[in-house]
Each structure stands twice: as C-alpha cells, then as structure tokens.
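Below are some notes on this model, set out as numbered points. Please read them alongside the coordinates.

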Amino acid sequence: MGNPYFSFKQFTVYHDRCAMKVGVDGVLLGAWTNVKNTNQILDIGTGTGLIALMLAQRSNLMIDAIDIDSNAVKQASENFKLSPWSNRVKVTEISLQDFAKSTNERYDLIVSNPPYFVNSLKTPTEERSLARHTDTLTHEELIMNALVLLKPTGRISIILPVKEALQCQDYALSKGLFCIRQVNVIPKPNAVAKRILLEFSLDLLEKEVAELVIEGDQRHQYSKEFCLLVKEFYLKL
C-alpha cells in the first residue's frame with residue numbers, strides 16, 4: 001500500500017480514500033493556471049482537493065470545489081480543514097450538470113483535471129472508473145456546463161491527454177470558446193507530448209503555445225522549467 005498522504009511545502013493532501021491519487025497532472029494544472037484578475041474559482045471534479053489547495057496557496061480567493069464521488073468529497077473536505085485556507089475553500093457533493101442548473105454563482109476561473117478515457121476498458125472499482133472515464137462527464141458536457149457558469153471575462157483551464165485535448169479544443173471553438181494558452185507537456189527530452197495544458201477564453205486573443213519537458217535523461221532529474229513551475233509546492237525543490 002502506498003503512502004496515504006502527499007506532503008507539500010504549505011499543506012498535506014491525504015488521498016487514501018480517493019480513486020485518483022496525487023499526481024503530476026494535477027500539480028501541473030494547479031501551478032500553471034493563471035489566477036490574475038480573478039475573484040472566484042470553481043474546481044470541477046476536485047478529487048483530493050489538490051488543485052483547489054494549490055490555487056488557494058497562490059491567491060487570496062474564494063474557491064468552490066465539486067465532485068460526485070462521496071469518498072472524494074469527504075477526503076477533500078478533511079484536506080481543506082487541515083490547510084491554512086479552510087475559510088476560503090469549500091467542497092460540495094454534486095455533479096457539474098446539477099450544479100450548473102442549481103447555482104446562481106458565476107466564476108472568473110474554472111479549472112478541471114477531468115476524466116479522459118473515452119470508450120475504453122473500465123477499471124475494477126466504480127470510484128476509479130468515475131474519476132478516469134467520461135461516462136458521467138464528457139468533455140462536451142464539461143465545456144457546455146462550464147460556459148453556463150463562466151463570467152463573460154472568465155477563463156477555463158484544463159489538462160488532458162493529447163488526442164482528447166485537440167478534440168476538446170475543436171468542440172470549444174464550435175461553442176465560441178477560444179484556446180488562448182497551450183502547453184504541450186513532454187515527459188523527457190526527445191519524447192512526444194503526453195498531456196496538454198489548455199486555457200480557454202470567450203475573448204479571441206493571440207494564442208500562446210509552449211512546451212514543458214518534465215525530466216531530463218535520468219528519472220527524477222527534473223528540468224529547470226518544471227522546477228521553476230512547481231518550486232513553491234514540492235518539498236525537495
């Protein structure tokens with residue numbers, strides 16, 4: 001059994017009751033997301049609460065988090081209470097679809113590390129399948145409901161595997177949502193990108209495209225760019 005928690009510089013995330021553990025994808029999104037000109041944030045599919053906590057550390061903002069998995073909601077709630085920002089971060093057990101119908105809140109920033117497996121073999125546990133597969137939240141549903149919850153000047157930040165990210169960009173564009181920042185995440189030199197970080201806006205701005213290599217030729221020998229991005233979080237950087 002792995003360690004039931006992951007310690008960062010300013011907070012600890014327990015993940016023993018969550019289907020999806022603390023991972024690089026969430027850390028990348030939490031560190032990369034632009035929090036400038038933002039008052040209120042929504043974290044969709046919060047899981048452990050990792051991304052919400054990272055954004056709380058990086059700002060003085062109010063953050064709402066939602067998830068449909070009751071175990072994840074309980075664990076995220078406990079992680080929030082243990083953090084220095086318990087008065088600014090809250091989690092609710094609800095689907096995005098129901099949340100979009102029931103709330104009057106509108107957000108400057110919406111973040112999500114969403115399910116990404118489409119039409120693929122399910123995992124043995126229901127919770128892990130919920131967290132990894134798009135059956136309960138397709139990327140089209142994510143975009144459509146996020147648009148309902150987004151302020152006219154707001155932004156959406158997500159991370160997806162390459163194929164799904166490109167498809168998501170195309171769908172978002174068809175709904176009037178423009179990709180204004182894109183980072184192709186490459187695991188090591190001379191490898192192909194495995195993930196893409198995306199930022200969307202209702203305003204058509206010049207798109208920024210960049211690459212981020214995570215490791216050097218040796219495992220756990222992190223690149224300068226990756227270290228610079230996550231140095232405020234990882235204990236050993």
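1. This is a predicted model. Tyrosine 14 has a relative accessibility of 33%, so it counts as partly exposed, the range for that class lying between 20% and 50%. Tyrosine 14 belongs to strand E2.

2. On the surface, Tyr14 joins Tyr5 and Leu82 in a nonpolar patch. The accessible area of these residues together is about 310 Å².

3. Histidine 15 sits in the loop that leads from strand E2 (12–14) to helix H1 (24–32). With a relative accessibility of 8%, histidine 15 is classed as buried, because the limit for that class is under 20%. Leaving aside residues up to four places away in sequence, histidine 15 has contacts with Asn3, Pro4, Tyr5, Phe6, Lys21, Val22, Thr48 and Gln75. Tyr5, one of these contacts, is also a member of the nonpolar patch.

4. Eight strands make up an open sheet with mixed pairing, in the order E5-E4-E3-E6-E7-E9-E8-E10. Strands E5 (89–93) and E10 (208–213) are at the edges; each has a single partner strand, so one side of each lacks a neighbour in the sheet. On average, neighbouring strands of this sheet are turned by 15° against each other, direction ignored.

5. Within the sheet, strand E3 (residues 40–44) and strand E4 (residues 62–67) run parallel and are joined by five bridges. Aspartate 43 has alanine 65 as its bridge partner in E4.

6. Helix H7 (residues 162–174) packs on the sheet, where it touches strands E7 (150–161), E8 (178–186) and E9 (195–201). The direction of H7 makes about 155° with that of E7.

Conventions. Residues numbered from 1 in each chain as written. Predicted model: local features only at pLDDT ≥ 70, side-chain atom pairs only at ≥ 80, totals over all residues. Heavy atoms only, no water. Pairing = 2+ DSSP bridges. Helix = DSSP H or I, 4+ residues; strand = E, 2+ residues; numbered from the N terminus. Axes fitted to C-alpha atoms, helices over the stretch in contact; angles between N-to-C directions. Contact = heavy atoms within 4.5 Å. Buried < 20%, exposed > 50% of the residue type's maximum accessible area, 1.4 Å probe, protein only. Patch = residues over 30% accessible without salt bridge, like charges linked within 9 Å, V, L, I, M, F, W, Y side chains within 5 Å. Areas by Shrake-Rupley, 256 points an atom, 1.4 Å probe, with all protein chains shown as cover. Salt bridge = Lys/Arg side-chain N within 4 Å of Asp/Glu carboxyl O.
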